[in-house]
Amino acid sequence: MIVLTLGLLGTLPWPLVSSETQTRLKMLVDVVLVLALTYTILRVIAERRTLWMVRGFIFLIFAASLSRALELNFLTFVLNNLVVGSAVALAVILQSEIRIFLEQLGRGQFFGQPRVESTLTNDAVDLVVAAVKELSQDRTGALILLETHTQLSPQDFTHAGIPLQARLSPELITSIFQVNSPLHDGAIWVRGSEVVAAKLILPLSERTGPWQLGTRHRAALGITERISHCVCVVVSEETGSISLAFKGDLQRPLTSSKLGELLRQYVQEETAGTSKPSQRHRSLKFWKMVWPLR
Ligand SMILES: Nc1ncnc2c1ncn2[C@@H]1O[C@H](COP(=O)(O)OP(=O)(O)OP(=O)(O)O)[C@@H](O)[C@H]1O
């Protein structure tokens, strides 16, 4: 769109347009292009954690521009340095995201991001559901983090836990969460048919919700608020109830068969890229993206 607009501007009969109109036209195009670019960047970023950082960065840029326009020299100096410092920090923190973004830019793939085959298979869902059913019946607390289509990395967690690389099975999951197991505290991380690690500490959500959520449930919300390509299953130690967190939403209480149904649905949607949000959902998503979540 930017290239197209610049191309169109180039074809305008500039000598026939008065210089004042030219200046106004260019200013208008300038503002529209900046807004379009900002919208595109915010739309392309699916990852909430990345989105928050980029949103903060964009805010700094706007603040620096505003302060320059108001000729607040010292503030402009401070803000400009903050922008440069943040740009360097973002480049380091978001190395892989920037690489993916540039690849997408090169391929012209902005919207309709390419979906990678989900690593969460129906077989893995069956094994997890069998374990969760047993844990729920025994009222054994559990927190199970399942990767969907893109790999998580240890930096996504507050503490990456103990590496296991063990074959996924209901017996393994239930034995990890027994209170006398040294690995029962924290979450387990499941990728495909493998338990990658146990004893993970996940980032906590600030929200408590209408149910006065405890830390296990807030940890499930926290990780799925920040990262959209994972789901988190919670079994409450207190009540045995089953919950599923996805993109910062908690569905509860669920039966084990409903859990299986929802997980299979996510596998299919992520694999085929078929989840088409409604217009209302899309506008809500946009406003959530621009505005703070709470
Ligand atoms: N940040 C975290 N990351 C991973 N696991 C956590 C985290 N915080 C707490 N937990 C797990 O949750 C357990 C404490 O659960 P707590 O009772 O506070 O939460 P809850 O949501 O009320 O769950 P429950 O209904 O099972 O009591 C801890 O023993 C630990 O295993």
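Strands β6 (residues 242-246) and β7 (249-254) pair in the antiparallel sense over four bridges. Helices (H or I, at least four residues) and strands (E, at least two) are DSSP runs, numbered from the N terminus, and two strands pair if DSSP finds at least two bridges between them. Residues are numbered from 1 along each chain as its sequence is written. The model is predicted: local features need pLDDT of at least 70, side-chain atom pairs count only at pLDDT 80 or more, and totals for chains, interfaces and linings use all residues.

Leucine 244 of β6 stands opposite glutamine 251 in β7, and isoleucine 242 has leucine 254 as its bridge partner in β7. The two strands form a hairpin with two residues between them. Lysine 247, in the loop between β6 and β7, has a positive phi near 50°. Lysine 247 counts as partly exposed because it has 16 C-beta neighbours inside 10 Å. For such labels, a residue is buried if 20 or more other C-beta atoms lie within 10 Å of its own, exposed if 12 or fewer, and partly exposed in between, with C-beta atoms placed from the backbone. Strand β7 also holds proline 253, which is joined to arginine 252 by a cis peptide bond with omega of about -10°. Most residues other than glycine have a negative phi, and most peptide bonds are trans.

**The sheet**

In what order do the seven strands of the open sheet lie? The order is β2-β4-β3-β1-β5-β6-β7, with mixed pairing. At the edges are β2 (162-167) and β7, each of which pairs on one side only. Neighbouring strands are turned by 20° against each other on average, direction ignored. Helix α6 (residues 122-137) packs on the sheet and touches β1, β3 (187-191), β5 and β6; its direction makes about 25° with that of β5. Helix α8 also packs on the sheet, touching β1, β3, β5, β6 and β7, and its direction makes about 175° with that of β5. Angles run from 0 to 180 degrees between N-to-C directions, and axes are lines fitted to C-alpha atoms, for helices over the stretch in contact.

Strand β5 (residues 230-235) is mostly covered, with six of its six residues buried. On one side these are Cys230, Cys232 and Val234, and on the other Val231, Val233 and Val235. Its pairings are with β1 (residues 142-147), antiparallel over six bridges, and with β6, antiparallel over five bridges. A hairpin with six residues between the strands links β5 and β6, and glycine 240 in that turn has a positive phi of about 80°. The table lists single residue pairs from the sheet.

| Residue | Partner residue |
|---|---|
| leucine 143 | valine 234 in β5 |
| valine 233 | leucine 244 in β6 |
| leucine 244 | glutamine 251 in β7 |
| isoleucine 242 | leucine 254 in β7 |

**The ligand shell**

Which residues come nearest to the ligand? Of the 17 residues around it, these are Gly214, Arg216, Ala219, Ser236 and Glu237. A residue counts as near a molecule or strand if its C-beta atom, placed from the backbone, lies within 6 Å of it. Helix α8 (residues 215-226) supplies the largest share of the shell, four residues. By class, the shell has seven nonpolar, six polar and four charged residues. Ala, Val, Leu, Ile, Met, Phe, Trp, Tyr, Cys and Pro count as nonpolar, Asp, Glu, Lys and Arg as charged, and the others, Gly among them, as polar.

**The annotated stretches**

An unreviewed UniProt entry gives the annotation "transmembrane region" to residues 28-45, 52-70 and 76-94. UniProt positions follow the numbering used here, feature names are shortened, and annotations may be inferred rather than shown by experiment. Residues 52-70 are 95% helix and 0% strand, and the end C-alpha atoms are 27 Å apart. Residues 76-94 are 95% helix and 0% strand, with the end C-alpha atoms 26 Å apart.

Glutamate 71 lies in the loop between α3 (48-69) and α4. Its phi is near 55°, a positive value in a residue other than glycine. With 8 C-beta neighbours inside 10 Å, glutamate 71 counts as exposed. Valine 78 lies in helix α4 (residues 73-93) and is partly exposed, with 13 other C-beta atoms within 10 Å. The C-alpha atoms of valine 78 and alanine 64 are 8.5 Å apart, although the two residues are 14 apart along the chain.

**The whole protein**

The protein has ten helices and seven strands, and buried residues make up 26% of its 294 residues.

Notes:
Contact = placed C-beta atoms within 7 Å.
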